[in-house]
Amino acid sequence: MKDWDAYNAAAREQGKALNALHPELVKGFGALSRGAATTTHLDAKTRELIALAVAVTTRCDGCIDAHVRKAKHAGATKAEMAEALGVAIALNAGAAFTYSLHVLDAAGEE
């Protein structure tokens with residue numbers, strides 16, 4: 001398992017390096033993140049639980065780190081996170097099932 005505090009610190013340092021090389025890219029990413037966090041129909045906890053499920057399906061360690069921290073700050077419990085992860089697991093299984101049908105289609109008739 002990861003040392004998430006060390007991972008976060010290292011990612012922040014690399015983020016600073018990327019910002020020095022391409023500040024407009026980092027500025028744009030920040031604007032996108034702020035825009036996604038500005039909602040009127042979802043509360044912060046729900047938004048972060050969705051973000052955690054998406055982080056798992058996209059296999060993004062940085063997203064997992066950031067959104068676990070934000071979910072906890074928004075009051076999400078470990079049990080609530082587990083339920084959101086159950087949705088991600090089911091959808092990943094569903095995607096594998098659906099793409100298996102694509103394989104059979106591509107294989108054609110025998």
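Mentor: Helices (H or I, at least four residues) and strands (E, at least two) are DSSP runs, numbered from the N terminus. We're looking at a predicted model, so local features need pLDDT of at least 70 and side-chain atom pairs count only at pLDDT 80 or more, while totals for chains, interfaces and linings use all residues. Residues are numbered from 1 along each chain as its sequence is written, and side-chain values use heavy atoms, with hydrogens and water left out.

Trainee: OK, the basics: in what order do the elements of the protein chain run from the N terminus on?
Mentor: The protein chain has 5 helices and 0 strands. Reading from the N terminus, that gives α-α-α-α-α.

Trainee: What radius of gyration does the protein chain have, set against a compact globule of 110 residues?
Mentor: The radius is taken over C-alpha atoms, and the globule rule is 2.2 Å times the number of residues to the power 0.38. Along the principal axes, the C-alpha atoms fill a box of roughly 55 × 35 × 35 Å. A compact globule of 110 residues would come out near 13 Å, but this chain has 18 Å.

Trainee: And what percentage of the 110 residues count as buried?
Mentor: Buried means under 20% relative accessible area, exposed over 50%, and partly exposed in between (1.4 Å probe, protein chains only). By that cut, the buried share of the 110 residues is 15%.

Trainee: How much of the accessible surface of the protein chain belongs to carbon and sulfur atoms?
Mentor: Areas come from the Shrake-Rupley method with a 1.4 Å probe, and for residues only the protein chains shown count as cover. The chain's accessible surface is about 8400 Å², and the carbon and sulfur part of it is 64%.

Trainee: Which helices each supply at least two residues of the largest nonpolar core?
Mentor: A nonpolar core is a set of buried Ala, Val, Leu, Ile, Met, Phe, Trp, Tyr and Cys residues joined through side-chain atoms within 4.5 Å. The largest one here has 6 residues: Leu 49, Leu 52, Ala 71, Ala 76, Met 81 and Ala 84. The helices that each give at least two of this core are H3 (44-58) and H5 (78-107).

Trainee: What does Ala 84 touch, not counting residues up to four places away in sequence?
Mentor: Contact means heavy atoms within 4.5 Å. Ala 84 is one of the buried residues of H5. With those sequence neighbours set aside, Ala 84 touches Leu 49 and Ala 53.

Trainee: Let's stay on H5. How far does H5 reach from its first C-alpha to its last?
Mentor: The expected span of a helix is 1.5 Å times one less than its number of residues. With 30 residues, H5 should come to 44 Å, and the model is close to that, at 43 Å.

Trainee: What covers the buried residues of H5?
Mentor: Those buried residues are Met 81, Ala 84 and Ala 88. Their cover includes H3 and H4.

Trainee: Lys 78 is in H5 too. Is Lys 78 buried or exposed?
Mentor: Lys 78 and Thr 46 are 32 residues apart in sequence and 13 Å apart in space, C-alpha to C-alpha. Because its relative accessibility is 73%, Lys 78 counts as exposed.

Trainee: Now H4. What is included in the cover of the buried residues of H4?
Mentor: H4 covers residues 61-73, and its end C-alpha atoms are 18 Å apart, which agrees with the expected 18 Å. Asp 65, His 67 and Ala 71 are its buried residues. Their cover includes H1 (4-21), H3 and H5.

Trainee: Which residue with a positive phi follows H4?
Mentor: The phi in question is near 100°. The residue is Gly 75.

Trainee: What value is the phi of Arg 59 near?
Mentor: Arg 59 sits in the loop between H3 and H4 and is exposed, with a relative accessible area of 73%. Most residues other than glycine have a negative phi, and most peptide bonds are trans. Arg 59 has a positive one, near 55°.

Trainee: Last one: how far apart are the sulfur atoms of Cys 60 and Cys 63?
Mentor: A disulfide is a pair of cysteine sulfur atoms within 2.5 Å, and the count by this rule is 1. Cys 60 is partly exposed at 23% relative accessibility, and Cys 63 is partly exposed at 28%. Their link is right-handed, with 70° about the S-S bond. The sulfur atoms of Cys 60 and Cys 63 are separated by 2.4 Å.
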